[in-house]
Amino acid sequence: MTKKIVLLAGDGIGPEIMTEAVKVLKAVSEKHKISFKFQEDFIGGCAIDEYGVPLANSTLEKCKAADAVLMGAVGGPKWDNLDSAIRPEKGLLKIRYEMGLYANLRPAILYPQLAEASTLKSEIVAGLDILIVRELTGGIYFGEPRGIRLLDNGERQGYNTYVYSESEIERIGRTAFEMARKRSGKVCSVDKANVLEATVLWREIIQSLAKEYPDVELSHMYVDNAAMQLVRAPKQFDVIVTGNMFGDILSDTAAMLTGSIGMLPSASLNAEGKGLYEPVHGSAPDIAGQNIANPLATILSAAMMLKYSLDEPEAAATIENAVGAVLDQGLRSADIYSEGATKATTSEMGDAVVAAVNNA
Ligand code: NAD
């Protein structure tokens, strides 16, 4: 059956890295006899230029009808001074919300070949393989009431609301337990149950859910300790599940453990398993158009798409292994380059992954 994929390259380096990911998808389509139908459209700044809005309803409908969406990145200085209602990033928030993409999966994997790229000692991070499962459509980022109000004493006060319902906690918890089953079977739930009532409920729901997953080992950690443990002994973690704000912060910390933001993919899934796949990094306007961006995060996002939305785990593994093979050959884009390696452009990195897929 043909798999329909919407490609939203976006802004900055988006089109360059997307070109490489599509090359690789075409190579695995031949290798594994999978039929893809690609539909290109706009999101972010380029959509503002094309349609006047960062995500047109017609684009959204196309995404909802597809099996998966692969995205580059959005944003850039050209659109920085627009009214906040039509900023490029609003396109991303809209697609997440409208498609119900509540589960954000962010693997932080350190390829052994890149252990030196981390700011931490290589023995602390070599072989690191963590999956952060972040709740993406709830919590304090969306809670009401929110705003800035004027107090009786004339002083202004900013306020937000940290809210999670039982069903929201349960569905993200379920995602984490299911993911852990496919990995090494450990979930660490991160909260602040010593201070925040909303996370007392979080812990309670996760604990009761754990009874359905007796094969998965559950632990709990306060977020401040989790931040410390991530940089002290990150390899103790397998799957981390947490709310929107804590996940936002911890996943960036975990990203830095691996040395380069140019290597990290992500997936955002809804209840039907449909998803939006994108690199963790932004549109990198400082290097756009120079053919020097690292395309591997987008290529690895395409691998996640094959695994989680398109039910093609073998094709996903082919891509992941091909990326490993390219690193073994010593090829490095500028962001992961170190002495003794062979510096490669964006398209050379993509070509090398294609060659490794063909040789697999
Ligand atoms: P960024 O991730 O775009 O760039 C940070 C630094 O990392 C830059 O020096 C950049 O050159 C480098 N970098 C990023 N991706 C790289 C890659 N693949 N290869 C090599 N180097 C890479 O973050 P920023 O500079 O804070 O933001 C730039 C724009 O991207 C802004 O408009 C921001 O709003 C947007 N943004 C978008 C997303 C998204 O689309 N999901 C995420 C973050 C930022």
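## Helix α10

Helix α10 is mostly covered, with 12 of its 13 residues buried, in what is a predicted model. The buried residues of α10 include Leu296, Ile299, Leu300, Met304, Met305 and Leu306, and Ser301, Thr298 and Tyr308 are also among them. The helix runs over residues 296-308 and reaches 18 Å from its first C-alpha to its last, close to the 18 Å expected at 1.5 Å a residue.

## Aromatic pairs and charges over rings

Six aromatic pairs are found in the structure. One of them joins Tyr162 and Tyr164 in an edge-to-face arrangement, with 5.9 Å centre to centre and 70° between the planes. Both Tyr162 and Tyr164 are buried, and ring pairs link these two tyrosines with Trp202 and Phe246 into a cluster.

Charged side chains also lie over aromatic rings elsewhere in the model: Arg171 sits over the face of Tyr102, at 4.0 Å from the ring centre, while Lys343 lies over the face of Tyr337, at 4.9 Å from the ring centre.

## Cysteines

The count of disulfides comes to zero. A disulfide is a covalent bond between the sulfur atoms of two cysteines, and a pair is counted here when the two sulfur atoms are within 2.5 Å. For Cys46, the closest cysteine sulfur is that of Cys63, and because the two sulfurs are 12 Å apart, they are too far for a bond.

As for their surroundings, Cys46 is buried, with a relative accessible area of 15%, and Cys188 is likewise buried, with a relative accessible area of 5%.

Definitions and conventions: Residues are numbered from 1 along each chain as its sequence is written. This is a predicted model: local features need pLDDT of at least 70, side-chain atom pairs count only at pLDDT 80 or more; totals for chains, interfaces and linings use all residues. Side-chain values use heavy atoms; hydrogens and water are left out. Rings of Phe, Tyr and Trp (its six-membered ring) pair if their centres lie within 6.5 Å; planes under 30 degrees apart count as stacked, over 60 as edge-to-face and the rest as tilted. Buried means under 20% relative accessible area, exposed over 50%, partly exposed in between (1.4 Å probe, protein chains only). A charge sits over a ring if NZ of Lys or CZ of Arg is within 6 Å of the ring centre and within 35 degrees of the ring normal. Helices (H or I, at least four residues) and strands (E, at least two) are DSSP runs, numbered from the N terminus. The expected span of a helix is 1.5 Å times one less than its number of residues.
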